[in-house]
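Student: Could we go through this one together? I'd like to see the reasoning behind each label.

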Amino acid sequence: MEAAEKQPLLKVEHLKQYFKVSKTFTVKAVDDISFDIFPGETYGLVGESGSGKSTTGRSVIRLYDPTDGTITFNGENITGKLSAAQEKMLRTKMQMIFQDPMASLNPREKVIDIIAQGLDVHHLYKNQAERRDKVYRMLERVGLSHEHANRYPHQFSGGQRQRIGIARALIMNPDLVIADEAISALDVSIQAQVVNLMKDIQKETGCAYLFIAHDLSMVKYISDRIGVLHLGHLVETGTKDEIFENPVHPYTKSLLSAIPHTNPRVEKHRKALVYDYAKSGIHYENGTRHLVDGTHYVLATDEEFATWTAQKGALES
Amino acid sequence: MNERKHVLKIRGLDVSFKTSAGMVHAVRGVDLDLFEGETLAIVGESGSGKSVTVKTVMGIRASNETVNAGSVEFTYHDGEKEVTEDLVKLSGKEMRKRIKGKRIAMVFQDPMTSLDPTMTIGKQIMEGMRYHYKTPKAEAFQRAVELLKEVGIEDAEKRMKNYPHQLSGGMRQRVVIAIALACKPQLLICDEPTTALDVTVQAKILELIQDIQKRTGIAVIYITHDLGVVAKIADYVNVMYAGKIVESGTVDDIFYEPRHPYTWGLLSSMPDLDTTDEKLYTIPGSPPNLLHPVKGDAFAPRNEYAMAIDFEEEPPMFTINSHHKAATWLLHPQAPKVEMPEQLKKRIDAMMKGGR
Ligand SMILES: Nc1ncnc2c1ncn2[C@@H]1O[C@H](COP(=O)(O)OP(=O)(O)OP(=O)(O)O)[C@@H](O)[C@H]1O
Ligand SMILES: Nc1ncnc2c1ncn2[C@@H]1O[C@H](COP(=O)(O)OP(=O)(O)OP(=O)(O)O)[C@@H](O)[C@H]1O
Ligand code: SF4
Ligand SMILES: [Mg+2]
Ligand SMILES: [Mg+2]
């Protein structure tokens, strides 16, 4: 395994991110998760709405102060207070594409200035002409036109707006891009274009992606490895083949069974596997990381692990 | 089948925007029909005018927007009376008082734009009921909690006190859906309502909408790029390209017998779980820039089947049968016979046999 010998680009260990909403109500959005991302790879993070995917991304890029745990990026511990040099490294080398494009784009700024923001802050051009050229080139690459450069965000369609966010992130040549539902708002043809673009850029620059999405067919297509989040816990992680060919955790299985078919005849009658945590008898806090094989881990107690892996054996024989 | 009753009848809708680079001709003559109790899906490329079309129905106009032509006839029940009005002619005030939120509700593509960041979500769900129907506070509260549960938000009562930023993206989207359903509209417009939702929650919302539809017969317009969702819920599908509807038919027409080359491209670029190719299929080229006038068929430059006439003259809508129409010169009686791409044909054959 080549990846195993490399140093991870991002190492997340026992990360916890809690939000205190009121005196009696604390949301444990992320509750003790660990995973690595290696240079140049794509790590897909999936899970139901509210499972903590965006929070994980936002903690990693330090929009929040993590409640507990350690985040190491490019060999630097970036969990606590950041030095000026660390801050600069983080703000250039790690970029995020946000889930809600309208909320993350300043409505009073023109697109050219939004995309050039990072370049401006870190003085990454020699003159205005170079700044403009860089932005124009990026616009074309994400399937927009330089004629869009002087418009404001609200003057775009939803999918076009999402691509502005993508351009703003990719123009910085980052080592890690956190793409939070970056392509969900795009139609299939543009989705394919953007995914192909992200892959091309990855080939050219060797950047890594933390790809957050709920569309499993797209995640399968783009990811090298996948992590499955549920209720703030990472219940299973492995290569995409390990997850898709051999899902062990019942939550992963139900998630896979819920993928819609694109065939009306099948889809109108499909029923997904039901997974009800409350009735499952599973308690995530009691589980520990169990190795299935290779890089495939599942969160389980010893007993659960024995049962789940035995079931699989039974099915195959 | 009973006689279908019109809820919405759009004719010749034409919309443009003024920008510093010139006029953007975003919607170029849209005809659309929607009937009681039915679900119409609108699919099409990003920027093709889907959102602009439905925002016009809602009377939402940008400051740089002009509706150049067209009518939007909406038929609704006011008590026993059946009323038909051209919504393009109503003032903003009349829309707000009689139509918006009350008879037509819309779930917007970008949930944050329709939520007020300074108000708890509970209050926002109750607002419409209090304003349009003068529902007593306690009753509105109860109904709001119920709605939150129905859209799959756990701890609904505690969540009533949350502000939008305290919710995940998918939860926010579901709050917007709850707001839309609160006033029991006769027409529900959903613009990519489930894009940020995982498949399980999405299925739940779709089932909820279908359930309400069965109970109350509301009509639904559903904009989505997710063809799996279209397959699940739509009765009819309109395919949009560059400001026009280029193909319209039943779900089966569009999925199994697509006739417009753009629809072929769209169906071909769906990823399926068996995709192993290095690259996903994409339609070559990019959509026309609507800043510049379109000559001939807007799709011609990207269409490997294009004929000389396609670059000269805009194709009319050709009627294939009572429920299926497409605007492509390929349907002209004198056009050469062109079949859909081999790969797509294989895929459709497989689908007809019950595979993916
Ligand atoms: N206020 C505006 N000023 C200028 N152009 C606009 C404005 N609003 C929309 N447009 C343009 O009109 C066209 C149609 O936009 P619309 O939002 O309807 O697209 P859409 O089909 O909904 O796409 P998506 O799938 O990406 O949401 C786009 O090219 C968009 O850039
Ligand atoms: N700033 C905040 N204050 C309080 N609670 C929060 C905050 N941000 C997130 N949460 C809560 O944390 C949980 C996880 O949210 P998160 O946004 O990470 O989910 P997600 O997996 O990205 O979901 P989605 O797919 O819906 O976007 C949710 O219960 C949410 O309400
Ligand atoms: S009219 Fe011509 S260019 Fe347009 S879709 Fe048909 S064949 Fe293609
Ligand atoms: Mg999220
Ligand atoms: Mg739109």
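**Reasoning about the ligand site**

Tutor: Sure. Keep in mind that the model is predicted. To begin, a polar side-chain atom of A:Ser157 sits 2.7 Å from an oxygen atom of ligand 1.

Student: What makes that pair of A:Ser157 and ligand 1 a polar contact?

Tutor: The cut-off is 3.5 Å between N or O atoms, and the A:Ser157 pair is at 2.7 Å, so it counts as a polar contact. A:Arg151 also has a polar side-chain atom 3.0 Å from an oxygen atom of ligand 1. For B:Val52, a backbone N or O atom lies 2.8 Å from a ligand 1 oxygen atom.

Student: And how much of ligand 1 does the protein bury?

Tutor: The protein buries 96% of the 630 Å² that ligand 1 exposes when taken alone.

Student: How do you know which chains ligand 1 lies between?

Tutor: Ligand 1 lies between chains A and B. The closest of its 21 surrounding residues are A:Ser157, A:Gly159, A:Gln160, B:Ser46 and B:Ser51. At least two shell residues each come from α7 (158-170) of chain A, and from β1 (6-19) and α1 (50-57) of chain B.

Student: What classes of residue make up the shell around ligand 1?

Tutor: Five nonpolar, 13 polar and three charged. Gly is put with the polar ones in that tally.

Student: Switching to A:Glu181, is it buried or exposed, and why?

Tutor: Buried means under 20% relative accessible area; A:Glu181 has 3% relative accessibility, so it counts as buried. A:Glu181 is in the loop between β7 (176-180) and α8 (188-205) of chain A. Its C-alpha atom is 9.7 Å from that of A:Lys53, 128 residues apart along the chain.

Terms used: Residues are numbered from 1 along each chain as its sequence is written. Chains are lettered from A and ligands numbered from 1 in the order in which they are written. This is a predicted model: local features need pLDDT of at least 70, side-chain atom pairs count only at pLDDT 80 or more; totals for chains, interfaces and linings use all residues. Side-chain values use heavy atoms; hydrogens and water are left out. A residue is near a molecule or strand if one of its heavy atoms lies within 4 Å of it. A polar contact is a pair of N or O atoms within 3.5 Å; within protein, one must be able to donate a hydrogen and the other to accept it, and residues adjacent in sequence count only if both atoms are side-chain atoms. Accessible areas come from the Shrake-Rupley method with a 1.4 Å probe; for residues, only the protein chains shown count as cover. Helices (H or I, at least four residues) and strands (E, at least two) are DSSP runs, numbered from the N terminus. Buried means under 20% relative accessible area, exposed over 50%, partly exposed in between (1.4 Å probe, protein chains only).
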